Amino acid sequence: MKVLVRLPNWLGDLVMSYAFMEQLQRLLPDAQIDVVVKKNLAGLLDLFPMVRQVYEFDKKENGSIKGLYQFGNHIRQMQQYDLFFVLPDSFSSALMAFASRSKQHIGYANEARSFLLTKSYAFPKEKIHRCRKYIRLLELYFQTEIKDISNRFSATPKYLASVDFGSKPQIVLNLQSVAASRSMPLSKSIEIIKTIRNSINASIILSGLEKDQAFMKQLCEHFENPDYLIDLSGKTSLMEFASLLYQSDLVIGVDSGPAHLANALGLSSIVFLGAGDVEETGPFEQDNLVVLKVSLPCSPCISNTCHLETLDCLHKISLIELSDAIQKLLL
């Protein structure tokens, strides 16, 4: 049997789909499992050992209706698939599956896309973690119950030595996100670094995308002797970043892709929860994890922007609790 999976479009969601992929392999141990993934995330699939073939999808090249259909048709010309699981909730991903002419294309019936799917299921009404939401598709299709779910990678990234961090403990600090509501303000970021320095003498590795470099430069310039701050934002590939995380002693950051990646790698992590809902999109594995959040009338808003324009859910996170979490996980 040949099975194709359209993987999610964001780093955190991609990481949270690992449990689905592992359970799919368990249910179909002899199947060929291939995937469609956004081009910028393809490097992470080295940590998905069940995947045989990867179709890299570029929205710039194939994002139009015509492009999506052509991409699906390209898949059809390459191979005929028995099953095509569509994990993203978008109409476009279902259209791609339809164009592939797989024998069955399976997904949730939202965004008026049911007619593109041979098997469509009602979206879960109850609050459910995203890992379990993906797993639910397998339960519905195979008519089985999956109880023991783990979202921890079985493989580990290769260590790519590029920077000499010395003998100090290494803390990876991720303060920015694609969503403004999950990006730590500059003033609070300064306080966080001071708290880390007061808690432990460590090298602090600043991570982020290329777009975050101006923010990181401002952050480093605030400190008189920033030799303990190592800015690697926009300077690593995705697998290099995974390797960087894997060699660290502690990962601290906002609720975004790197937090999920660290969690799936089994690393000690502290996560600042802003707009997100920990029950739906928080790190799945609970060991070696501390989640810091503030209970507010507006939270969790699950919005990409703060409608109150205050970002209180991040500004008001306790630095005392941060210090205690560092002591708990490192010392």
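Which residue forms a salt bridge with Arg136, and how far apart are the closest N and O atoms? I began my notebook with that point, keeping in mind that the model is predicted.

**Entry 1: the salt bridge of Arg136**

I found that the partner of Arg136 is Glu126, with 2.8 Å between the closest N and O atoms. I then placed the two residues along the chain: Arg136 belongs to helix 6 (residues 130-142), whereas Glu126 sits in the loop between strand 6 (119-121) and helix 6, so that the pair, 10 residues apart, links distant parts of the chain. I looked up how open each residue is, and Arg136 is partly exposed with a relative accessible area of 21%, a value that lies just above the 20% under which a residue counts as buried. Glu126 is partly exposed as well, at 42% relative accessibility.

**Entry 2: other salt bridges**

I noted that the count of salt bridges comes to 11, and I followed two more of them. In one, the side chains of Arg182 and Asp255 meet, with 2.9 Å from N to O. This pair also links distant parts of the chain, since Arg182 lies in the loop between strand 7 (170-174) and helix 7 while Asp255 lies in the loop between strand 10 (250-254) and helix 10 (257-264), 73 residues apart. I asked myself whether Arg182 and Asp255 are buried or exposed; I found both residues buried.

In the other, Lys211 and Asp212 join their side chains in a salt bridge, again listed at 2.9 Å from N to O. Here I recorded a contrast between the two partners, for Lys211 is exposed with a relative accessible area of 52%, whereas Asp212 is buried with a relative accessible area of 4%. I also recorded that salt bridges with shared partners join Glu126, Arg136 and Glu139 into one network. As a reminder to myself, side chains of opposite charge can pair when their charged atoms come close.

**Entry 3: helix 7 and its two neighbours**

I turned next to helix packing, where two packed helices are described by the angle between their axes and the distance between the axes. Helix 7 (residues 186-199) packs with helix 8 (residues 213-222) at an angle of about 50°, and their axes are 10 Å apart. The two helices are therefore oblique to each other, and I noted that their crossing is right-handed. From helix 7, Leu186, Ser189, Ile190, Ile193 and Lys194 meet Phe215, Gln218, Leu219 and His222 of helix 8. I sorted this contact by class and obtained 5 nonpolar, 3 polar and 1 charged residues.

Which residues of helix 7 meet helix 13? I first wrote down the geometry: helix 7 and helix 13 (residues 319-330) pack at an angle of about 40°, with 10 Å between their axes. That angle makes helix 7 oblique to helix 13, and the crossing of these two helices is right-handed. The residues I was looking for are Lys188, Glu191, Ile192, Thr195, Ile196 and Ser199 in helix 7, which meet Leu319, Leu322, Ser323, Ile326 and Gln327 in helix 13. By class, the contact has 5 nonpolar, 4 polar and 2 charged residues.

**Entry 4: helix 9 and helix 10**

I looked up one further pair, helix 9 (residues 238-246) and helix 10, which pack at an angle of about 60° with their axes 10 Å apart. These helices are therefore oblique to each other, and their crossing is right-handed. Phe241, Ala242 and Leu245 in helix 9 meet Pro258, Leu261 and Ala262 in helix 10. When I went through this contact by class, I counted 6 nonpolar residues, no polar and no charged ones.

**Entry 5: the backbone**

I ended with the backbone, recalling that most residues other than glycine have a negative phi, and most peptide bonds are trans. The peptide bond from Ser299 to Pro300 is cis, with omega near -5°, and I located Pro300 in the loop between strand 12 (289-293) and helix 12 (312-315). Glu111 is not a glycine, yet it has a positive phi of about 55°; I found Glu111 in the loop between strand 5 (104-108) and strand 6. Gln143 has a positive phi near 55° too, and I placed Gln143 in the loop between helix 6 and strand 7. With 74% relative accessibility, Gln143 counts as exposed, because the cut-off for that class is over 50%.

Technical notes. Residues numbered from 1 in each chain as written. Predicted model: local features only at pLDDT ≥ 70, side-chain atom pairs only at ≥ 80, totals over all residues. Heavy atoms only, no water. Axes fitted to C-alpha atoms, helices over the stretch in contact; angles between N-to-C directions. Helix = DSSP H or I, 4+ residues; strand = E, 2+ residues; numbered from the N terminus. Parallel < 35°, antiparallel > 145°, perpendicular 65-115°, else oblique. Left-handed = near helix turned anticlockwise from the far one by under 90°. Contact = heavy atoms within 4.5 Å. Nonpolar A, V, L, I, M, F, W, Y, C, P; charged D, E, K, R; others polar. Salt bridge = Lys/Arg side-chain N within 4 Å of Asp/Glu carboxyl O. Buried < 20%, exposed > 50% of the residue type's maximum accessible area, 1.4 Å probe, protein only.
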